[in-house]
Amino acid sequence: MEMKVVRTTPFKDQKPGTSGLRKKVSVFQQAGYLENFVQSIFDVVEDLRGGTIVIGGDGRYYNDVAIQIILSMAAANGVKKAIVGQNGLFSTPAVSHIIRKYKTQGGIVLSASHNPGGPKGDFGIKFNGENGGPASESVTNAIFQNSLKIDDYKILDKSKIELGVCGTSKLGDMEVEIIDPVSDYADLMESLFDFNAIRDWLASGRTMRFDAMHAITGSYAKAVFVERLGAPETALMNATPSPDFGGAHPDPNPVYAKDLFDTMFADNGPDFGAASDGDGDRNIILGRGIFVSPSDSVAVIAANAHLVPAYKTGIAGVARSMPTSAALDRVAEKLGIEYFETPTGWKFFGNLLDAGRITICGEESAGTSSDHVREKDGVWAVLAWLNILAVRNMSVQNIMLDHWKTYGRNFYARHDYEGVEVEKAHAVMEHIRTQLDTLPGQSFGAETVKFADSFTYHDPIDGSVSENQGLRIGFESGSRFVVRLSGTGTVGATLRLYVEKYVTDPDRLNDDNHTALADIVTIAEKITDIHNLTGRDKASLVT
Ligand code: VG1
Ligand code: CO
């Protein structure tokens, strides 16, 4: 097999967003598009030459083609060894674990997460560093800068490798080891949680449902929940991964996981329900007749972490992304531990986790995890809940009521305006920005604005500064709203409006979420003028 140096010209749009480079499949299919980005990774991350790389993806359409290209390029760029999931598959948290367990120099994750798949859907690529986490902004910026001036890439001529059988082979001078994508990860889970307690809880007649949404987590869920914990096969829904996710959105929310919600809200529904997304890093948690807001979920896990063997001696600190509700902060205050507010995206937790300053972190978008990997981890969050349920032996509903009584309740919702024309979305941001100086002190109904700003993050570990991470308007009452532009969409712009209302009145704790938030939503819509400026009379999706 010969090494070829192929002339290429730069694409201007290879700037990674919140979580890697995400585009329509047809964009990635352009000659040189994937190759330019991958070569930029190898140009920037010099440790990969002579090192080991992990490669795998969520199995979506184009995964198989992309893996072969990346392997050929890795071999041509002097990588010593590639560890690849069987059939090119790995969930995102599993890649993170494999990088850490085998001490490799990094990994490439092929996924567009919760975005739809198939030939007309989305594809994505992301580089994770040797700590197992998404590359920092300085690295992704360097990759982008490289992609703007690239003029050639290296690849082995006519190489193809069989990915279906585990074992070791050679591609040029590079060793390729194909491994079972599930077993290392399942072992890790078993080392963290009290599997005996969960097994007993399930055997005592408790019921659960896990919706894998036709995505990669199906394989992990079978190994963990069925084979190791004894749940019946019928506990799993949509557990066979498919390249187009059964034609659906692998995004766990009330709209796309409707069957699960219907099951959980039925009379005599299961005791526990959960779902994950396309690449297995997100999770949602439900009980009979209740959906646990992801912002509450991470707070409950932190408050009960001492019941989980891996965290029984306590947690160092916690962190949440800025738009995530402050429920986690209340828990940290009570535990007397540090808490941090970071910009949206898992890459910002990495430094805090590496420095041992935090143990548990989460995002409102259904991401929760701990220092066991450097990604959010759907199955981990589900097991954390199962472990807590098994030990406390209470319903999800009662665990939530108990939590709210102790800490107060942060009612929470996100209103997404998807596929808005880019100029209109920017007009909304600009309209809010011009009011930031004058809003404080102004009253709207019962609320008075306490602060209004554009969020800037100062990383306490490496001192880096990230500006323009979202606009925040906070009220004297502790309620607030946030507006930011999504960095994962592939069509037009997506505006996210996050609303939060803090309530401590014991009689109001069990109120309907959307009713409780109605006044804050009205104020937010007035201040942002979002309906008028986008030409939309309502959000595309409310979660
Ligand atoms: C969204 C979420 C963010 C999450 C990111 C990646 O980003 O809001 O919390 O980290 O997706 O998740 P944005 O920029 O569209 O708001 V995943 O599961 O796509 O890797
Ligand atoms: Co995801």
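In the predicted model, Ala239 is in contact with Ala212, Gly218, Ser219 and Lys222, leaving aside residues up to four places away in sequence. Ala239 itself belongs to the loop that runs between strand E11 (236–237) and helix H9 (258–265). Because its relative accessible area is 12%, below the 20% limit for a buried residue, Ala239 is classed as buried. A further residue, Ala215, stands 24 residues from Ala239 along the chain, and the C-alpha atoms of the two are separated by 7.1 Å.

On a broader scale, the protein is divided into domain 1 (3–180), domain 2 (185–407) and domain 3 (409–542). The contact between domain 2 and domain 3 takes 30 residues from domain 2 and 23 residues from domain 3. Taken over C-alpha atoms, the centres of these two domains are 25 Å apart.

The interior was then examined for nonpolar cores. In soluble globular proteins, nonpolar side chains tend to be buried together. The largest nonpolar core of the model contains 76 residues, and those with the most contacts inside it are Met189, Phe193, Phe225, Phe272, Trp380, Leu383 and Trp385. Helix H13 (residues 378–392) makes the greatest contribution to this core, giving eleven residues. Since both domain 1 (3–180) and domain 2 (185–407) supply residues to this core, it lies between them. The surroundings of Leu383 were also listed: leaving out residues up to four places away in sequence, Leu383 touches Met189, Phe193, Phe195, Ile198, Val224, Phe225 and Leu229. Another core, of 43 residues, lies apart from the largest one, and its members include Ala75, Ile161, Leu171 and Val176.

Pockets were considered next. The largest pocket holds about 1,100 Å³ of space. It is lined by 40 residues, of which Gly17, Thr18, Leu485, Ser486 and Gly487 are the closest to its centre. Two or more lining residues come from each of strand E2 (21–24), helix H5 (137–149), helix H15 (422–433), strand E25 (480–485) and strand E26 (493–503). The largest share, five residues, is given by H15. By residue class, the lining of the largest pocket comprises ten nonpolar, 19 polar and eleven charged residues.

The second largest pocket holds about 680 Å³ of space. Its lining consists of 34 residues, and the closest to its centre are Pro254, Phe291, Ser293, Asn513 and Thr543. The elements giving two or more residues to this lining are H9, strand E14 (290–292), helix H10 (294–303), helix H14 (396–407), strand E19 (409–420), helix H16 (513–528) and strand E27 (541–542). Among these elements, E19 provides the largest share, with six residues. The lining of the second largest pocket divides into 16 nonpolar, ten polar and eight charged residues. Because domain 2 (185–407) and domain 3 (409–542) both give residues to the lining, the second largest pocket lies between them.

Helix H10, one of the elements that line the second largest pocket, was also assessed for burial. Ten of its ten residues are buried, so H10 is largely enclosed by the rest of the structure. The buried residues of H10 include the nonpolar Val298, Val300 and Ile301 and the charged Asp296, as well as Ser295 and Ser297.

Terms used: Residues are numbered from 1 along each chain as its sequence is written. Chains are lettered from A and ligands numbered from 1 in the order in which they are written. This is a predicted model: local features need pLDDT of at least 70, side-chain atom pairs count only at pLDDT 80 or more; totals for chains, interfaces and linings use all residues. Side-chain values use heavy atoms; hydrogens and water are left out. Helices (H or I, at least four residues) and strands (E, at least two) are DSSP runs, numbered from the N terminus. Buried means under 20% relative accessible area, exposed over 50%, partly exposed in between (1.4 Å probe, protein chains only). Contact means heavy atoms within 4.5 Å. On a 1 Å grid over the protein atoms alone, a cavity is a set of points where a 1.4 Å probe fits but cannot get out, and a pocket is an open set with protein on both sides within 12 Å along at least five of seven lines; lining residues have an atom within 4 Å of a point. Grid points are joined across faces, edges and corners, and a volume is the space filled by probe spheres set on the points. Domain bounds come from an automatic or database domain assignment. A nonpolar core is a set of buried Ala, Val, Leu, Ile, Met, Phe, Trp, Tyr and Cys residues joined through side-chain atoms within 4.5 Å.
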